Amino acid sequence: MAIQKVAYLGPEASFTHLATKALFQSDLLVSTRTIPECIESVVNGKVDIAVVPLENALEGTVPLTIDYLFHEVDLYVIAEIQAPIEQHLMVHPNNEKKWEEINTIFSHPHALAQCHKYLYYRFGKVLLEQATSTAAAAKFVSENEQDCIAAIGNSSAATEYGLSIVGHNIHDFHFNHTRFFVLSRSNLCIQKKVHIDQVKTTVMITLPKDDRSGALHQVLSVFAWRQLNLSKIESRPLKTGLGQYFFVIDVLEDERTPMMIGALEELRALGCEVKSLGSYYTYET
């Protein structure tokens, strides 16, 4: 198989990078700075595939990923990766002995939120600064050894950027996993290694414009009477006015089966706008 270019939200040692390495061990990995840059790199043909964070078990969906896929681009999800997340507090080795005196902690917003209790009770008066990724935060701390600052990230980031971990597993809840979407211009489901057997389809649905009563109930009934199991439903603002939303639904079925084809046709017949992101398998790291 030809080597592919795979973009990921970087820099190296970010959680997205670790998840990408687990699935694409023999491919060329390309670091990007932001989620839009990562997605646009596959849209523009600079890479073949992009991997972006979608949802965390503690903090929910990454809104930028979902909104960008709905409003800005036409791409397909060809796989998803689920990875356990462990957050650690790390400092430059020069500051290891005075780490309790840190004045600023850097990390991705989701990572800061995942460690809220620890930060509140241990560093309640310390400034929290957002970074584009946990690895970017670690990299920044490594490059500013003169400042008494810290980063929150994974152990690989500490190793990659020469930092010392002074607080292990500081996330508030034990079960902390993140889903990552693997995106492509082609609707071709990846089948690489052992995966979770159940195939999944993600669809984005906008309700009929007449705003009739019971419209969402009708949408759900389309799946219910066909006994199509939904593993997730979430609303996101349409950005056209207050109270106007689109819905993201994960269906545990292949979009090419007769029941799913019929469901999507019935949704359109009801006046809904339907955007399918494709069917895919889930891989665990």
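In this predicted model, Trp-99, Tyr-118 and Phe-123 form one aromatic cluster. A search of the whole structure finds six aromatic pairs. One of them joins Tyr-118 and Phe-123. The ring centres of Tyr-118 and Phe-123 lie 6.1 Å apart, the planes meet at 55°, and the pair is tilted. Both Tyr-118 and Phe-123 are buried.

Another pair is made by Phe-181 and Tyr-280. Their ring centres are 5.8 Å apart and their planes stand at 75°, so this pair is edge-to-face. The contact links distant parts of the chain, 99 residues apart. Phe-181 sits in strand β11 (residues 177-184), and Tyr-280 in strand β15 (residues 273-284). Phe-181 has a relative accessible area of 1% and is buried. Tyr-280, at 0%, is also buried.

Salt bridges number 15. One connects Arg-179 and Glu-55, with the closest N and O atoms 2.8 Å apart. Arg-179 lies in strand β11 and Glu-55 in strand β3, so the bridge ties together parts that are 124 residues apart in sequence. The relative accessibility of Arg-179 is 9%, which means that Arg-179 counts as buried.

A further bridge runs between Glu-80 and Lys-200, where the closest N and O atoms are 3.0 Å apart. Glu-80 belongs to strand β5 (residues 76-84) and Lys-200 to strand β12 (residues 196-206), so parts 120 residues apart in sequence are tied together. Glu-80 is buried at 0% relative accessibility. Lys-200 is buried at 9%. Salt bridges with shared partners join Glu-55, Glu-80, Arg-179, Lys-200, Lys-232, Glu-234 and Asp-250 into one network.

Arg-33 and Glu-37 also form a salt bridge, with 3.2 Å between the closest N and O atoms. Here Arg-33 is exposed, with a relative accessible area of 63%. Glu-37 is partly exposed at 30%.

Two cavities of 30 Å³ or more are present. The largest cavity holds about 230 Å³ of space. Its lining comprises 18 residues, of which Phe-15, Pro-53, His-108, His-110 and Thr-178 are the closest to the centre. At least two lining residues come from each of α1 (15-23), β3 (49-56), α4 (109-114) and β11.

On the surface, Leu-216, Leu-220 and Ile-233 make a nonpolar patch of about 210 Å². Ile-233 is part of strand β13 (residues 230-237). With a relative accessible area of 42%, Ile-233 is partly exposed.

Definitions and conventions: Residues are numbered from 1 along each chain as its sequence is written. This is a predicted model: local features need pLDDT of at least 70, side-chain atom pairs count only at pLDDT 80 or more; totals for chains, interfaces and linings use all residues. Side-chain values use heavy atoms; hydrogens and water are left out. Rings of Phe, Tyr and Trp (its six-membered ring) pair if their centres lie within 6.5 Å; planes under 30 degrees apart count as stacked, over 60 as edge-to-face and the rest as tilted. Buried means under 20% relative accessible area, exposed over 50%, partly exposed in between (1.4 Å probe, protein chains only). Helices (H or I, at least four residues) and strands (E, at least two) are DSSP runs, numbered from the N terminus. Patches are made of residues with over 30% relative accessible area and no salt bridge: like charges are joined within 9 Å, nonpolar side chains (Val, Leu, Ile, Met, Phe, Trp, Tyr) within 5 Å. Accessible areas come from the Shrake-Rupley method with a 1.4 Å probe; for residues, only the protein chains shown count as cover. A salt bridge is a side-chain nitrogen of Lys or Arg within 4 Å of a carboxyl oxygen of Asp or Glu. On a 1 Å grid over the protein atoms alone, a cavity is a set of points where a 1.4 Å probe fits but cannot get out, and a pocket is an open set with protein on both sides within 12 Å along at least five of seven lines; lining residues have an atom within 4 Å of a point. Grid points are joined across faces, edges and corners, and a volume is the space filled by probe spheres set on the points.
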